[in-house]
Amino acid sequence: SLASAILWMSPVYGITSFLSLLLPSAEGYLSIVKDFYEAYVIYQFLSFLIAVLGRGKRQIVVEKLAAHADHLKHPYKWLQCLFHPPPNESSEAMANAVLLECQFLAMQFVFFRPVTAIVSFVLESMRGEDAAFSPPDFIVMMIENISVFLAFSGLLKFYHAVQDDLAWCQP
């Protein structure tokens with residue numbers, strides 16, 4: 001279930017960290033496992049909020065967001081190609097666009113986090129432990145940080161739009 005995936009985050013982090021201490025040579029592989037699970041849990045958290053809010057139905061979430069359409073922050077312009085009908089057309093179109101934007105922003109993290117974890121691992125194993133930080137490392141870190149920023153901005157945007165509706169469960 002959605003909630004159990006989230007609750008397993010601490011044990012997964014704890015076990016991978018502990019095994020990294022016991023088996024330093026496996027630390028890179030364990031870090032990849034941790035990063036994959038982190039990406040999975042971020043999307044699961046948004047899915048959990050949507051499931052709780054809409055009782056399993058996306059349309060109910062759109063309706064609740066539409067009720068707060070005057071308080072919704074307009075979606076990013078660079079994501080306009082995703083929205084049909086356009087957000088300016090109606091409250092429901094705006095709510096649907098905001099929900100889709102939040103899902104897209106969380107989902108891009110699910111894609112980029114594992115990819116950057118693998119690329120980081122490959123770069124580290126190619127350069128050795130004593131080599132200095134390189135431009136490719138910097139690029140990978142920037143992609144990771146931008147991806148994290150976008151994912152959390154999507155989560156926060158969704159939460160701020162529905163925080164009163166979710167207050168009872170304090171997510």
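Analyst: Helices (H or I, at least four residues) and strands (E, at least two) are DSSP runs, numbered from the N terminus. By that rule the protein chain has 6 helices and 0 strands. Before going further, this is a predicted model in which local features need pLDDT of at least 70 and side-chain atom pairs count only at pLDDT 80 or more, while totals for chains, interfaces and linings use all residues. Residues are numbered from 1 along each chain as its sequence is written, and side-chain values use heavy atoms, with hydrogens and water left out.

User: What pattern does the protein chain follow along the sequence, and what box do its C-alpha atoms fill?

Analyst: Read from one end of the sequence to the other, the pattern is α-α-α-α-α-α. Along the principal axes, the C-alpha atoms take up a box of roughly 55 × 35 × 20 Å.

User: What makes Lys 34 and Asp 35 a salt bridge?

Analyst: The rule asks for a side-chain nitrogen of Lys or Arg within 4 Å of a carboxyl oxygen of Asp or Glu. The closest N and O atoms of Lys 34 and Asp 35 are 3.7 Å apart. That value falls within 4 Å, so the pair is a salt bridge.

User: Why does the contact of Arg 113 with Asp 35 carry the name of salt bridge?

Analyst: Arg 113 supplies the N and Asp 35 the O, and they come to 2.9 Å. This is within 4 Å, so the name applies. The pair links distant parts of the chain: Asp 35 sits in helix H3 (residues 27-54) and Arg 113 in helix H5 (residues 91-127), 78 residues apart.

User: How do you know that Glu 38 and Arg 113 form a salt bridge, and what do they tie together?

Analyst: The closest N and O atoms of Glu 38 and Arg 113 are 3.0 Å apart, which also meets the limit and therefore counts. Glu 38 belongs to helix H3 and Arg 113 to helix H5, so this pair ties together parts that are 75 residues apart in sequence.

User: How many salt bridges are there in total, and which residues are linked in a network of them?

Analyst: The count is 5 salt bridges. A network of them links Lys 34, Asp 35, Glu 38, Arg 113 and Glu 144.

User: Is Asp 35 buried or exposed, and how do you know?

Analyst: Buried means under 20% relative accessible area, exposed over 50%, and partly exposed in between (1.4 Å probe, protein chains only). Asp 35 has a relative accessible area of 5%, so it is buried.

User: What about its two partners, Arg 113 and Glu 38: buried or exposed?

Analyst: Arg 113 has a relative accessible area of 14%, which puts it among the buried residues. Glu 38 is at 18%, and therefore counts as buried. In the bridge between Arg 113 and Asp 35, then, both residues are buried.

User: What share of the residues in the protein chain is buried?

Analyst: Of the 171 residues in the protein chain, 38% are buried.

User: Why is Leu 53 given the class it has, buried or exposed?

Analyst: Leu 53 is part of helix H3. Its relative accessibility is 2%, so Leu 53 is classed as buried. Its C-alpha atom is separated by 24 Å from that of Val 148, a residue 95 positions away along the chain.

User: What makes the group around Val 119 a nonpolar surface patch?

Analyst: A patch takes residues with over 30% relative accessible area and no salt bridge; like charges are joined within 9 Å, and nonpolar side chains (Val, Leu, Ile, Met, Phe, Trp, Tyr) within 5 Å. Val 119 is found in helix H5, and its relative accessible area is 34%. That is over 30%, so Val 119 passes the area test for a patch. By the buried and exposed scale, Val 119 is partly exposed.

User: Which residues make the nonpolar surface patch, and what is its area?

Analyst: The members are Phe 111, Phe 112, Val 115, Val 119, Phe 133, Phe 138, Ile 139, Met 141, Met 142, Ile 143 and Ile 146, and they make about 1,000 Å². Accessible areas come from the Shrake-Rupley method with a 1.4 Å probe; for residues, only the protein chains shown count as cover.

User: Which elements give two or more residues to the nonpolar patch, and which gives the largest share?

Analyst: H5 and H6 each give two or more. The largest share is that of H6, with 6 residues.
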